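Reader: Hey, could you walk me through this one? I'm new to it.

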Amino acid sequence: MRMAVSKNFYRDEFACRCGCGFDTVDATLVQGLQRLRDILKAPIHVNSGCRCKKHNTGQGGSPKSQHLTGKAADIRVDGKHPEEVAAIAAMLSEFANSGIGIYDTFTHLDARNGKSRWDLRTR
């Protein structure tokens, strides 16, 4: 049975993709993602959530990645550009003073303490 962490999100959506079992996702991150989903009125797909150290290294992630603590998610929303998702997320209290990154095909959102913004699109 799937374990719900909010109205529209389940713990297994955030689990480390290597299969190690790490799935402890931050409550503030989930709350912000749920609010974002409610505003967009569209499903949010979690490409990457929690990452163990080995998987994070294999993905080329930063050694200080928020994914390592379950405080980050790389997401995509059908029909929405990553820049648009980032702009709306930045207006939410859960993400206004945390991390938001824009990539070609996804948006990174995290619940770190401290504002950080980056744009790593290649286009």
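Author: Sure, we can go from the overall fold to the strands and then to some side chains. One thing up front: this is a predicted model.

Reader: Good to know. How many helices and strands are there in the protein?

Author: The protein has five helices and five strands. Going from the N terminus, the order of the elements is α-α-β-α-β-α-α-β-β-β. The radius of gyration is 13 Å, close to the 14 Å that the globule rule gives for 123 residues, so the protein is as compact as a globular protein of that length.

Reader: And what does the C-alpha trace span along its principal axes?

Author: About 35 × 35 × 25 Å.

Reader: How much of the protein is buried?

Author: Buried residues account for 43% of the 123 residues. As for the accessible surface, the total is about 6800 Å², and 51% of that belongs to carbon and sulfur atoms.

Reader: What about contacts between residues far along the sequence?

Author: Take the contacts between residues at least 6 apart in sequence: 54% of them join residues at least 24 apart.

Reader: Okay, strands. Is strand 2 mostly covered or mostly open?

Author: Mostly covered. Strand 2 covers residues 72-77, and five of its six residues are buried.

Reader: Which strands does strand 2 pair with?

Author: Strand 1 is one partner, antiparallel over four bridges. In that pairing, Ile 44 sits opposite Val 77 of strand 2. Strand 4, residues 107-110, is also joined to strand 2 by four bridges, and those two run antiparallel as well.

Reader: Which residues face each other between strand 2 and strand 4?

Author: Among them, Asp 74 stands opposite His 108, and Ile 75 stands opposite Thr 107.

Reader: Which residues of strand 4 are on one side, and which on the other?

Author: Thr 107 and Leu 109 are on one side, with His 108 and Asp 110 on the other. All of these are buried, so both faces of strand 4 are covered. As background, in a regular strand the side chains alternate between the two faces of the sheet.

Reader: Nice. What joins strand 3 to strand 4?

Author: A hairpin, going through four residues. Strand 3 is residues 99-102, and three bridges join it to strand 4, again in the antiparallel sense. Ile 102 has Thr 107 in strand 4 as its bridge partner.

Reader: Switching topic: how many salt bridges does the structure hold?

Author: Nine. In general, side chains of opposite charge can pair when their charged atoms come close.

Reader: Can you give me a few of those salt bridges?

Author: One of them is between the side chains of Arg 76 and Asp 78, at 2.9 Å from N to O. Another joins Glu 84 and Lys 80 at 3.6 Å, N to O. Then there's Arg 121 with Asp 119, at 2.4 Å from N to O.

Reader: Are Arg 76 and Asp 78 buried, exposed or partly exposed?

Author: Partly exposed. Arg 76 has a relative accessible area of 36%, and Asp 78 has 48%.

Reader: And the residues in the other two salt bridges?

Author: Glu 84 is partly exposed at 32% relative accessibility, and Lys 80 is partly exposed at 30%. Arg 121 counts as partly exposed at 32%, and so does Asp 119 at 41%.

Reader: Which residues are linked in a network of salt bridges?

Author: Glu 83, Asp 119 and Arg 121.

Reader: I also noticed Arg 51. Where is Arg 51 placed?

Author: Arg 51 is in the loop between strand 1 (44-48) and helix 3 (53-58).

Reader: Is Arg 51 buried or exposed?

Author: Buried. Its relative accessible area is 9%, and buried means under 20%, so Arg 51 falls in that class.

Reader: What polar contacts does the side chain of Arg 51 make?

Author: The Arg 51 side chain has a polar contact with the Ser 48 side chain at 2.9 Å. Another polar contact, of 3.2 Å, joins the side chains of Arg 51 and Asp 74. That's the Asp 74 that stands opposite His 108 in strand 4.

Reader: What else does Arg 51 touch?

Author: Leaving out residues up to four places away in sequence, the residues Arg 51 touches include Cys 16, Phe 22, Asn 56, Gln 59, Gly 61, Ser 65, His 67 and Leu 68. Asp 74 is on that list too.

Methods:
Residues are numbered from 1 along each chain as its sequence is written. This is a predicted model: local features need pLDDT of at least 70, side-chain atom pairs count only at pLDDT 80 or more; totals for chains, interfaces and linings use all residues. Side-chain values use heavy atoms; hydrogens and water are left out. A salt bridge is a side-chain nitrogen of Lys or Arg within 4 Å of a carboxyl oxygen of Asp or Glu. Buried means under 20% relative accessible area, exposed over 50%, partly exposed in between (1.4 Å probe, protein chains only). A polar contact is a pair of N or O atoms within 3.5 Å; within protein, one must be able to donate a hydrogen and the other to accept it, and residues adjacent in sequence count only if both atoms are side-chain atoms. Contact means heavy atoms within 4.5 Å. The radius of gyration is taken over C-alpha atoms; the globule rule is 2.2 Å times the number of residues to the power 0.38. Accessible areas come from the Shrake-Rupley method with a 1.4 Å probe; for residues, only the protein chains shown count as cover. Two strands pair if DSSP finds at least two bridges between them.
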